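Student: Could you teach me how to read burial, backbone oddities, helix packing and pockets from a model like this one?
Tutor: Happily! Let's look at it together.

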Amino acid sequence: MKLRLLHKVAVVLLVLSHYEVAEGTKTPAKATYIIHMDKSNMPTTFADHLEWYDSSLKSVSDIADMLYTYNSALHGFSARLTAKEAELLGKQPGILSVMPEARYELHTTRTPEFLGLGKIETLYPESSLASDVIIGVLDTGVWPELKSYDDTGLSPVPSTWKGACEVEKNFNSSSCNKKLIGARFFSKGYEAAFGPIDESMESKSPRDDDGHGTHTSTTAAGSAVPEASLFGFAYGTARGMATKARVATYKVCWLNGCFGSDILAAMDKAVEDGVNVISMSIGGGTTDYYRDTISMGAFNAMAQGILVSCSAGNGGPSSESVANIAPWITTVGAGTLDRDFPAYVTLGNGKKYQGASLYNGKPLSGPVPLVFAGNASNSSAGELCFTGSLVANKVAGKIVVCNRGGNSRPQKSVVVKNAGGVGMILTNTEDFGEELVADAHLLPSAAVGQNAGIEIKKYIFSDPSPTATIASGGTELDVQPSPVVASFSSRGPNPLSPQILKPDLIAPGVDILAGWTGALGPTGLDSDKRHVNFNIISGTSMSCPIVSGLAALLKAAHQEWSPAAIRSALMTTAYTKYKNGETIEDVATGRSSTPFDYGAGHVDPVAALDPGLVYDATVDDYFHFLCALNYTSDQIKRSTNRDFTCDSSKTYNVEDLNYPSFAVPMETASSKSGGAGASSTVKYTRTLTNVGSPGTYKVSVSSEIPSVKILVEPDSLTFSTMSEKKSYTVTFIAGSMPSGTTSFASLQWSDGKHSVGSPIAISWT
């Protein structure tokens with residue numbers, strides 16, 4: 001969920017109008033570019049690379065200054081240039097690429113109990129090793145005064161930490177401690193695009209004016225705070241996933257978005273500072289790996305042993321909406337908890353509907369008149385309750401029914417209140433189905449699903465004097481079924497590399513309680529003057545830091561594990577079925593979800609600590625993956641900031657990347673009948689590494705379509721020693737199906753104690 005920043009999953013190239021007017025004359029407009037230099041080919045006439053960068057820039061512009069220089073994610077710099085200057089610079093020797101900066105946006109209590117973290121603390125008490133793990137959070141900054149950053153009982157800051165607590169006029173060195181060990185901000189790209197920061201509107205410091213960054217960092221690693229709640233909702237002890245881990249925050253998102261040059265600089269610095277996990281609830285559109293800023297920065301982090309966890313995006317339930325799809329990134333979708341915040345709508349005809357709300361103010365005294373916003377508006381889109389769209393004398397003293405969409409949910413309640421309404425019923429349309437998201441509205445409100453909304457409107461249109469009342473139901477626990485896949489959670493298939501299944505897994509991301517900024521009320525609206533220490537919000541922005549915190553726990557327990565091994569443990573132990581054997585439900589459809597929705601399944605951290613086997617991957621494995629994509633040496637260097645030349649005598653296959661899941665795209669044979677007589681054969685190779693006790697694992701495969709033959713060779717693997725590796729091959733033989741057909745299966749290796757599962761998604765195009 002996004003509050004003051006835009007919430008839709010999008011990436012926007014910063015292309016301004018062709019000309020800007022300056023002093024009465026037209027001058028070429030400038031934009032920020034990221035310049036990737038081939039440092040190994042620096043001319044010998046320069047003493048160091050910084051001198052070379054400066055000379056290259058000055059050769060095309062006498063007035064341009066470097067915004068940042070980059071040393072890890074890539075070698076190079078960023079600067080404001082005209083399109084012509086960028087073109088000239090790109091033609092110079094030693095320059096790999098000149099990329100227009102991309103703009104990214106945010107993907108925006110009970111969770112530890114739901115995930116069984118109490119069992120982890122019993123089996124693996126958090127030792128001093130856990131407090132040596134550092135989570136770097138790239139987001140909107142931090143509100144350091146919260147008790148969630150209390151460092152009581154923590155040991156001294158790890159000696160590996162090389163970061164800093166940047167001091168500005170509203171952020172002191174004392175803002176950091178042994179929990180919040182570092183805080184930085186990156187604004188040069190943002191200010192280059194929008195001008196100097198208006199410090200009356202936002203803080204030019206690590207301080208969080210938005211709330212999103214404070215929420216994500218405390219979700220990942222907040223200290224335990226008893227008696228936490230939002231207005232009494234979700235009452236209990238609020239704590240992050242890894243309460244002993246350290247937090248370092250990197251503010252890269254501002255009122256008008258998150259900018260690629262700032263993000264890349266922050267990722268560079270996080271690696272230098274010594275973080276162990278990078279958590280980024282930020283995303284954009286899909287582009288080639290050598291053009292993707294986040295992918296580039298993540299590769300460098302992965303190569304230095306840092307796991308990068310990113311949100312999958314809030315573009316669901318549309319297919320191919322998943323973001324952050326590089327195979328070296330852990331991509332996290334969202335599901336629900338077993339907790340609701342019910343609100344009840346009772347109509348004048350006696351019918352009652354359950355919705356959701358976090359309103360805790362003065363309740364309605366009884367039934368009041370009910371009106372549909374579309375009938376009380378001066379706008380053609382009046383049902384959406386846009387600002388100024390409601391006619392006051394038609395809504396005064398009434399409950400107003402507004403449709404979801406177009407503007408923020410809390411904003412609609414403000415529109416109703418300002419027009420004199422006394423309550424709001426927010427009805428889902430087809431785009432949102434039965435998904436309910438609770439908000440801390442400013443007047444009695446209830447969000448209801450599409451079906452309830454249809455019935456409520458039927459009542460309004462059929463009754464000459466419709467009435468209703470709204471009542472809060474507090475906090476309800478043990479809600480079933482749970483989890484379900486959130487409707488907004490972005491889905492596969494992977495739009496860029498269809499043989500790599502994304503998202504990787506899901507974690508709780510709906511109605512999550514965590515820390516909040518003191519600068520804004522819980523709705524994020526300027527008109528909301530309430531101040532809270534905790535807020536409840538939703539989005540893959542919330543599920544991402546949950547996995548980041550769990551990854552920190554695994555890193556503490558298994559310090560030798562690589563980022564790929566940690567991701568594998570989280571994926572192969574994830575679950576896809578409820579205790580009754582039914583598949584996890586998709587709230588968008590009300591039917592069973594698929595691996596395109598949940599990846600490997602819902603995270604199970606207790607099982608992940610002892611996965612038995614893992615699918616590990618090295619930097620070379622990812623090089624071979626890029627070779628299989630037919631990337632040139634130049635494109636590989638732009639993607640990874642490393643030199644690698646594909647061996648022309650070797651055959652590279654995308655299918656052989658050692659990934660914990662299987663995505664199998666098939667081509668539909670060309671005929672009117674869909675080519676039913678044709679068949680395709682595809683082979684995938686995988687290697688398992690033993691991280692448990694010696695044992696023999698046997699494979700089992702379950703498939704929903706018998707016509708797809710899945711053969712695993714060998715069907716048994718015996719491991720005698722720790723870290724021993726064994727490989728196997730999966731052959732898929734499938735007849736042609738109509739384009740758009742999908743089929744799903746699962747593959748599982750078991751020694752009787754461990755179950756090492758992999759989802760299989762087959763699609764025909």
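Student: What covers the buried residues of H16?
Tutor: This is a predicted model, and the cover over the buried residues of H16 includes helix H8 (293-303), H13 and helix H17 (633-640). The buried residues of helix H16 (residues 619-628) are Tyr622, Phe623, Phe625, Leu626, Cys627 and Ala628.

Student: And H17: how many of its eight residues are buried?
Tutor: Six of the eight are buried, so H17 is largely enclosed by the rest of the structure. The buried ones are Gln635, Ile636, Lys637, Arg638, Ser639 and Thr640. They pack against strand S4 (30-37), strand S7 (95-100), H8 and H16.

Student: How do I read the backbone around these helices?
Tutor: Start with the general idea: most residues other than glycine have a negative phi, and most peptide bonds are trans. Now the case here. Just after H16, Asn630 takes a positive phi of about 65°, and Asn630 lies in the loop between H16 and H17. Just after H17, Asn641 has a positive phi of about 60°, although Asn641 is not a glycine. Asn641 sits in the loop between H17 and strand S36 (662-666).

Student: Is Asn630 buried or exposed? And which label does Asn641 get at 9% relative accessibility?
Tutor: Asn630 has a relative accessible area of 66%, so it is exposed. Asn641 counts as buried because its relative accessibility is 9%, and the cut-off for buried is under 20%.

Student: Where are the cis peptide bonds you hinted at?
Tutor: One joins Gly316 to Pro317, with omega near 0°. Pro317 lies in the loop between strand S18 (307-311) and strand S19 (330-335). Another cis bond joins Gln480 and Pro481, with omega about 0°; Pro481 is in the loop between strand S28 (476-477) and strand S29 (484-485).

Student: Next, helix packing. At what angle do the axes of H6 and H12 cross?
Tutor: For a helix pair, look at the distance between axes, the angle, the handedness and then the residues. The axes of helix H6 (residues 212-221) and helix H12 (residues 540-557) come within 7 Å and cross at roughly 35°. Their crossing is right-handed. H6 contributes His212, His215, Thr216, Thr219 and Ala220 to the contact, while H12 contributes Ser541, Met542, Pro545, Ile546 and Gly549. By class, that contact has four nonpolar, six polar and no charged residues.

Student: What about pockets? How many residues line the second largest one?
Tutor: Read a pocket by volume, then lining, then chemistry. The second largest pocket has a volume of about 790 Å³. Its lining has 34 residues, and those nearest its centre are Ala574, Tyr575, Thr576, Ser746 and Gln748. Elements giving two or more residues to this lining include helix H13 (563-572), strand S38 (695-703) and strand S42 (742-750). S42 gives the most, with five residues. By class, the lining has 14 nonpolar, 16 polar and four charged residues.

Student: One last case: which residues does Phe194 touch, leaving out those up to four places away in sequence?
Tutor: With those left out, Phe194 touches Arg103, Asn256 and Phe259. Phe194 is found in helix H5 (residues 188-194). Phe194 counts as partly exposed because its relative accessibility is 41%, and partly exposed falls between the 20% and 50% cut-offs.

How values were computed. Residues are numbered from 1 along each chain as its sequence is written. This is a predicted model: local features need pLDDT of at least 70, side-chain atom pairs count only at pLDDT 80 or more; totals for chains, interfaces and linings use all residues. Side-chain values use heavy atoms; hydrogens and water are left out. Helices (H or I, at least four residues) and strands (E, at least two) are DSSP runs, numbered from the N terminus. Buried means under 20% relative accessible area, exposed over 50%, partly exposed in between (1.4 Å probe, protein chains only). Contact means heavy atoms within 4.5 Å. On a 1 Å grid over the protein atoms alone, a cavity is a set of points where a 1.4 Å probe fits but cannot get out, and a pocket is an open set with protein on both sides within 12 Å along at least five of seven lines; lining residues have an atom within 4 Å of a point. Grid points are joined across faces, edges and corners, and a volume is the space filled by probe spheres set on the points. Ala, Val, Leu, Ile, Met, Phe, Trp, Tyr, Cys and Pro count as nonpolar, Asp, Glu, Lys and Arg as charged, and the others, Gly among them, as polar. Axes are lines fitted to C-alpha atoms, for helices over the stretch in contact, and angles run from 0 to 180 degrees between N-to-C directions. A crossing is left-handed if the near helix is turned anticlockwise from the far one by less than a right angle, and right-handed if clockwise.
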